[in-house]
Structure formats: C-alpha cells, structure tokens
Amino acid sequence: MERWRSWQFALLSLATILPSSSKNVDSFSSDTLINNVVADPRSGRLYVGAVNHLYQLAPDLRIESRTETGPKRDNRQCTPPVTDACEEAVDTDNHNKLMLVQEGRDTLVVCGSVYRGICSLRNLSAVQQLLYFSDSKGREVVRGERRGERLRGWG
Ligand SMILES: *[C@@H]1O[C@H](CO)[C@@H](O)[C@H](O)[C@H]1NC(C)=O
C-alpha cells in the first residue's frame, strides 16, 4: 500500500512538472530521415546526420548551423572523384553513415554513403564549414594552417 502511495505521488509530481518544463523545450524535426545523432558533452550541442542534411543544434534544439550534404552525382561503379567521365552517375541521396566528435581538435567527423563512403571534417562550432574533404586524393579542400596535423590518419 505504501508503495502505491509513493507511485501516485511520483506521477502527480511528474504531471505538474512536465507541462511547465516542456514549455521551454523546443522541438526539432528533420525533413529527411535521421540516420545518426551525436552529442558534444562539453557544449551540450547535438549533431544530427540525416539523409542529405546535417544539423548542429543548441541544447534547446535550436538550429545553429545546417548544411546540405546531397544529393550528389554518384555511381558505385565509378571511382571517386566522380566526373562527367562517369556516364552512369545519377543524383544520389547521401545517407549519414557515421559521425564522431573530436573534442581535442574541435572537429566533427562526418562520413556519408556517396563516393564509396568518403569522410569529411567539419567545424564543431559551425558544421557548414568544411575543414577537410578528399574524394580519393583527386580533389581536396583544406582550411586552416595545421594541414599536416589534420590530414594525419586520413590520407
Ligand atoms: C570554427 O568556427 C568558429 C565560429 O565560427 C571559428 O571561430 C573558428 O575559427 C572555426 N575554426 C576553424 C578551424 O576554422
């Protein structure tokens, strides 16, 4: 009997707490299917990897930064970089396959499904900022000065 009483009390407390606290909590919804979500425990930010989109959310789920990651002209038969020479290339949805917060480097590792699963490094506080991307050494985008350090393990 005593246990039931405490449960009732717990439920009552929840019912009174929830409506007031949920007022301040925004919601986030993605237009496309969400593949992965990772958090940065230091900032409380959330990173949402969805089909063709990448979102950076504040702890209250406000969108701080977003970027489009697809669709890309791609075909599995063609070795990246995919150029016009790849006649089979068609607009292909980019599914987010992996995301990883690199705290020490302030970067977010993002791997997609296009170009045979190539990964890129993005700015942890502004994910629209691409720091490093290589499609099989054919093309490279590198920002910042410590190029050698950033490339380690990715070349
Ligand atoms: C990442 O973005 C922040 C905020 O825009 C900026 O201050 C910082 O310099 C950027 N980091 C790199 C490595 O570009």
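Student: What makes β3 and β4 a pair, and in which sense do they pair?

Tutor: Two strands pair if DSSP finds at least two bridges between them, and strand β3 (residues 53-57) and β4 are joined in the antiparallel sense over five bridges, so the definition is met. Among the bridge partners in β4 are R66 for Y55 and S65 for Q56. Strands here are DSSP runs of E with at least two residues, numbered from the N terminus. This is a predicted model, in which local features need pLDDT of at least 70, side-chain atom pairs count only at pLDDT 80 or more, and totals for chains, interfaces and linings use all residues. Residues are numbered from 1 along each chain as its sequence is written.

Student: Why are β1 and β4 said to stand at the edges of the sheet?

Tutor: The four strands form an open sheet in the order β1-β2-β3-β4, with antiparallel pairing. β1 (34-40) and β4 (63-68) each have a single partner strand, so one side of each is left without a neighbour in the sheet.

Student: How do you know which strand β1 pairs with, and what lies between the two?

Tutor: β1 and strand β2 (residues 45-50) pair in the antiparallel sense over six bridges, and A39 stands opposite L46 in β2. The two strands form a hairpin with four residues between them, and G44 in the turn has a positive phi of about 80°.

Student: Why is β3 called largely enclosed?

Tutor: A residue is buried if 20 or more other C-beta atoms, placed from the backbone, lie within 10 Å of its own C-beta. Five of the five residues of β3 are buried, so β3 is largely enclosed by the rest of the structure. H53, Y55 and L57 cover one side, while L54 and Q56 are on the other.

Notes. Buried ≥ 20, exposed ≤ 12 C-beta atoms within 10 Å, placed from the backbone.
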